[in-house]
Amino acid sequence: MSDRVNKKKRVESYSIYIYRVLRQVHRQIGVSSKAMSIMNSFVADLFESIIHESSKLAHYNKSKTLTAREIQTAIRLLIPGELAKHSIAEGTKAISKYKSSG
């Protein structure tokens with residue numbers, strides 16, 4: 001018999017981050033578990049769409065590396081108008097913060 005301990009498989013979830021953003025925007029509002037599940041599925045689907053579109057763009061440019069440029073272009077294609085501009089601004093800010101810290 002083996003002495004290995006069975007570990008639970010980790011399920012990737014964005015609910016902690018969704019909840020943090022909700023707290024920043026509306027401190028007094030909560031969210032039900034069903035609504036959180038829907039939001040989690042939405043975020044996962046959106047990330048998957050962005051990565052898929054980015055990889056197609058990299059393939060068109062005969063590149064094997066995803067860069068910030070492919071991600072930004074994919075966001076412009078997938079997310080409408082002002083929301084895309086805001087997303088790109090926040091992403092650029094996050095990249096700048098990451099580069100300055102390390």
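Me: Let's start with Y17: is it buried, partly exposed or exposed?
Reply: Y17 counts as partly exposed, at 49% relative accessibility. Keep in mind that this is a predicted model.

Me: Where does Y17 lie?
Reply: Y17 lies in helix 1.

Me: And what separates the C-alpha atoms of Y17 and A84?
Reply: A distance of 19 Å, with the two positions 67 residues apart along the chain.

Me: Okay, stepping back. How many helices and strands are there in the chain?
Reply: There are four helices and zero strands. Going along the sequence, you get the pattern α-α-α-α.

Me: Is the chain a compact globule or more spread out?
Reply: The chain is more spread out than a compact globule, because its radius of gyration is 18 Å, well over the 13 Å that the globule rule gives for 102 residues. Along the principal axes, the C-alpha trace spans about 50 × 50 × 30 Å.

Me: What share of the residues is buried?
Reply: Buried residues account for 17% of the 102 in the chain.

Me: And what about the accessible surface?
Reply: That comes to about 9200 Å², and carbon and sulfur atoms hold 57% of it.

Me: Which residues are in the largest nonpolar core?
Reply: Seven residues: I50, L57, A74, I75, I79, A84 and I88. The elements giving two or more residues to this core are helix 2, helix 3 (68-78) and helix 4 (81-101).

Me: Why would residues like that gather?
Reply: As a general tendency, nonpolar side chains in soluble globular proteins are buried together.

Me: Pick I75. What is I75 in contact with?
Reply: Leaving out neighbours within four places in sequence, I75 has contacts with I50, A84, S87 and I88. I50, A84 and I88 are also members of that largest nonpolar core.

Me: Now E53. Is E53 buried or exposed?
Reply: E53 is buried, because its relative accessible area is 17% and buried means under 20%. You'll find E53 in helix 2.

Me: Which residues is E53 in contact with?
Reply: With neighbours within four places set aside, they are A74, L77 and L78. A74 belongs to the largest nonpolar core too.

Me: Changing topic: how many aromatic pairs does the structure hold?
Reply: One. That pair is Y14 with F47, set edge-to-face, with 5.2 Å centre to centre and 90 degrees between the planes.

Me: Which parts of the chain does the pair link?
Reply: Distant ones: Y14 sits in the segment before helix 1 (15-25) and F47 sits in helix 2, 33 residues apart.

Me: Are Y14 and F47 buried or exposed?
Reply: Y14 is buried, with a relative accessible area of 18%. F47 is partly exposed, with a value of 40%.

Me: What else reaches Y14?
Reply: The side chain of N40 does, coming to 2.7 Å from the backbone nitrogen of Y14. N40 is in helix 2 (residues 33-60), and N40 counts as buried at 18% relative accessibility.

Me: What does N40 touch?
Reply: Not counting residues up to four places away in sequence, N40 touches E12, S13, Y14, S15 and I18.

Me: How about Y19, where is that found?
Reply: Y19 is found in helix 1 and counts as partly exposed at 36% relative accessibility. Residues up to four places away aside, Y19 touches V31 and M36.

Me: How are the C-alpha atoms of Y19 and R4 placed?
Reply: They are separated by 35 Å, and the two residues are 15 apart along the chain.

Me: Next, K34. Buried or exposed?
Reply: K34 counts as exposed, at 64% relative accessibility. K34 lies in helix 2, and its C-alpha atom is separated by 30 Å from that of I71, 37 residues apart along the chain.

Me: Last one: what is phi of K62?
Reply: Phi of K62 is near 55 degrees, a positive value in a residue other than glycine. For background, most residues other than glycine have a negative phi.

Me: Where is K62 found?
Reply: K62 is in the loop between helix 2 and helix 3, and K62 counts as exposed at 78% relative accessibility.

Notes:
Residues are numbered from 1 along each chain as its sequence is written. This is a predicted model: local features need pLDDT of at least 70, side-chain atom pairs count only at pLDDT 80 or more; totals for chains, interfaces and linings use all residues. Side-chain values use heavy atoms; hydrogens and water are left out. Buried means under 20% relative accessible area, exposed over 50%, partly exposed in between (1.4 Å probe, protein chains only). A polar contact is a pair of N or O atoms within 3.5 Å; within protein, one must be able to donate a hydrogen and the other to accept it, and residues adjacent in sequence count only if both atoms are side-chain atoms. Contact means heavy atoms within 4.5 Å. Rings of Phe, Tyr and Trp (its six-membered ring) pair if their centres lie within 6.5 Å; planes under 30 degrees apart count as stacked, over 60 as edge-to-face and the rest as tilted. The radius of gyration is taken over C-alpha atoms; the globule rule is 2.2 Å times the number of residues to the power 0.38. Accessible areas come from the Shrake-Rupley method with a 1.4 Å probe; for residues, only the protein chains shown count as cover. A nonpolar core is a set of buried Ala, Val, Leu, Ile, Met, Phe, Trp, Tyr and Cys residues joined through side-chain atoms within 4.5 Å.
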